Amino acid sequence: MRSYPIALAITALFAASASAQAELHPIAPETQGLIDSGAIHTPDGSWSLSAAQDGCAVQREFRLGDSHITLVMKRLEGRMPVEFALVGGGFEPEERLQAGFQPGRGGLAEFVFIGSASAGEREGVFFAGQPFPAGGFAAPTQDVLARDTRYFIAQNDDGEAVVLRTGRIDLALDALQQCGMEQLARLGVDPQRDLRRDAALTNAGALIPTFSEAYGRAMRQRRGMLEGNLPIRLVIDDAGTLAHCHAGDGLTPRMLREAVCATIRDSGEFTTAMDLNGNPVASTWYTNVVFRTVGLTNWPGADGRNYPARD
C-alpha cells in the first residue's frame with residue numbers, strides 16, 4: 001500500500017505530496033494575549049465521532065461567553081490529510097490563516113487554500129493539512145505531540161485569533177485512525193496484511209491529458225486560480241478491478257474530483273496486489289494530484305487547452 005506520484009505538465013502539474021519540513025509562523029502577540037488573559041474557548045462536551053463514505057470525522061464544541069466555535073477534523077484514513085473545519089470563529093475563505101495545535105513543532109502552519117464551512121446558521125472555514133507539520137530529523141512523533149497538546153490556535157494577518165482549549169488529541173486521532181481502518185475492512189481491504197506486491201495504477205501517464213483538460217475547464221468556469229492538492233485513494237479488488245475511488249480533500253472543486261475518479265475508472269489499468277503466498281488480494285493505491293497553473297500569459301479554453309489571454 002505505497003504512495004506513487006503522478007507528474008505532468010500542460011495545464012496542470014501533478015506531483016507527490018510534500019513531506020519536507022514546513023515553514024512555521026510564530027504565535028502572534030494578539031494571540032498570545034488571549035492565552036495570557038485567559039480569553040480561551042473551553043470545551044462544551046467531548047469529541048463525537050461520525051463516519052461517512054468519504055471519511056470519518058470527530059467534532060467538538062467550544063464556548064467563550066456568547067461565542068460558540070465548532071472544531072471538526074475529518075479524514076479518509078491515517079495517511080491522508082485532515083480536513084479541519086472551524087465554524088464560528090469569524091474567519092473568511094478569502095484570507096490566509098495560520099493554524100495548528102500547540103504545543104507542536106514550534107509554530108503554526110499557513111493555509112492558503114481555504115473553503116467555506118457552516119453549521120446551521122453559523123459560518124466558518126475549512127482547510128486541509130496534517131495535524132502537525134512535518135518535522136526535521138529526530139523531531140517528536142505525532143503520537144508524542146498529540147498527548148501533550150493543549151490548544152488549537154487560528155490567527156490571520158489582521159491580528160484576529162481564536163484559541164481553543166482542546167487538551168490532548170491523541171484519543172481523537174486514534175478514533176479517526178480506527179474508523180478509517182474499519183471502513184477499509186468493509187471495502188474488503190485488510191490494511192495490516194503484508195504484501196508481496198502492491199496494487200498499482202499502471203497507465204497513469206496516459207491519463208494526464210484528460211486530467212489537464214478537466215483542470216482547464218474548471219478554471220474557465222471559475223475564472224480564478226484552482227491550485228491545490230487532491231489526495232486520491234483507489235481500492236483495487238482481487239480481480240484487478242477498480243472497486244472504489246475516493247478523493248481525500250473537499251477543497252478541490254467537485255467537478256475536478258469527479259473528473260479524476262471518472263477518468264481513472266473509465267481508462268485506468270491496474271495490477272492486483274498479492275499476499276505473501278502469491279494470492280491476489282484487494283488492496284489500496286495512493287497518489288497526490290497537485291493542480292498547478294503554468295502561467296498567466298495563457299488561459300484555458302472550453303476544451304481545456306491553453307490559448308493566449310485576451311485583454
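**Entry 1: the three-stranded sheet.** I began with the open sheet of three strands in this predicted model, and I read its order as β12-β17-β18 with antiparallel pairing. The strands at its edges are β12 (195–197) and β18 (280–281), each of which pairs on one side only. For the pairing of β12 with β17 (residues 273–275) I noted the antiparallel sense and two bridges, and in that pairing I found Leu195 opposite Asp275 of β17.

**Entry 2: the four-stranded sheet.** I then turned to an open sheet of four strands, which I wrote down in the order β7-β6-β10-β11, again with antiparallel pairing. Here β7 and β11 (161–165) stand at the edges with a single partner strand each, so one side of each has no neighbour in the sheet. From one strand to the next I noted a twist that averages 20°. Looking at what lies against this sheet, I found helix α1 (residues 29–37) packed on it, where the helix touches β10 and β11 and its direction makes about 40° with that of β11.

I also looked up how β6 is held to β10 (residues 151–155), and I found five bridges in the antiparallel sense. Within that pairing, Gly100 has Ile153 of β10 as its bridge partner.

**Entry 3: the loop between β6 and β7.** Following the chain onward from β6, I looked at Pro103, which is found in the loop between β6 and β7. The peptide bond that joins Gln102 and Pro103 is cis, with omega at about -5°. I set this beside the general expectation that most peptide bonds are trans.

**Entry 4: a cavity beside β6 and β7.** I next asked how many cavities of 30 Å³ or more the count gives, and the count came to two. I took up the second largest cavity, for which I have a volume of about 60 Å³. Its lining is made by Phe84, Ala99, Gly100, Gly107, Leu108, Ala109, Phe111, Gln130, Pro131, Pro133 and Phe152, so-called lining residues among which I recognised Gly100, the bridge partner of Ile153 in β10. Both β6 (97–102) and β7 (109–111) supply at least two residues of that lining. When I sorted the lining by class, I had eight nonpolar residues, three polar ones and no charged ones.

**Entry 5: the hairpin of β8 and β9.** I looked at β8 (residues 115–119) and β9 (residues 122–129), which run antiparallel and are joined by five bridges. These two strands form a hairpin with two residues between them, and at its end I found Ala119 opposite Arg122 in β9. In the turn I noted Gly120, with a positive phi of about 65°. I kept in mind that most residues other than glycine have a negative phi.

**Entry 6: disulfides.** I counted two disulfides in the model, and I followed one of them, the link of Cys56 and Cys179, whose sulfur atoms are 2.0 Å apart. This link is left-handed, with -75° about the S-S bond. The pair joins distant parts of the chain, since Cys56 is in strand β3 (residues 55–64) and Cys179 in helix α3 (residues 170–186), 123 residues apart.

**Entry 7: the second largest pocket.** Last, I looked up the second largest pocket, which has a volume of about 440 Å³. It is lined by 18 residues, and those closest to its centre are Asp54, His246, Ala247, Arg254 and Arg257. I asked which element gives the most to this lining, and I found α5 in that place, with five residues. At least two residues each come from β4 (67–75), β15 (242–247) and α5 (254–267). By class, I divided the pocket lining into five nonpolar, four polar and nine charged residues, and I set this beside the lining of the second largest cavity, where I had found no charged residues.

Definitions and conventions:
Residues numbered from 1 in each chain as written. Predicted model: local features only at pLDDT ≥ 70, side-chain atom pairs only at ≥ 80, totals over all residues. Heavy atoms only, no water. 1 Å grid on protein atoms, 1.4 Å probe; cavity = no way out; pocket = protein on both sides within 12 Å on 5 of 7 lines; lining within 4 Å. Points joined across faces, edges and corners; volume = space filled by probe spheres on them. Nonpolar A, V, L, I, M, F, W, Y, C, P; charged D, E, K, R; others polar. Pairing = 2+ DSSP bridges. Axes fitted to C-alpha atoms, helices over the stretch in contact; angles between N-to-C directions. Contact = heavy atoms within 4.5 Å. Disulfide = S-S within 2.5 Å.
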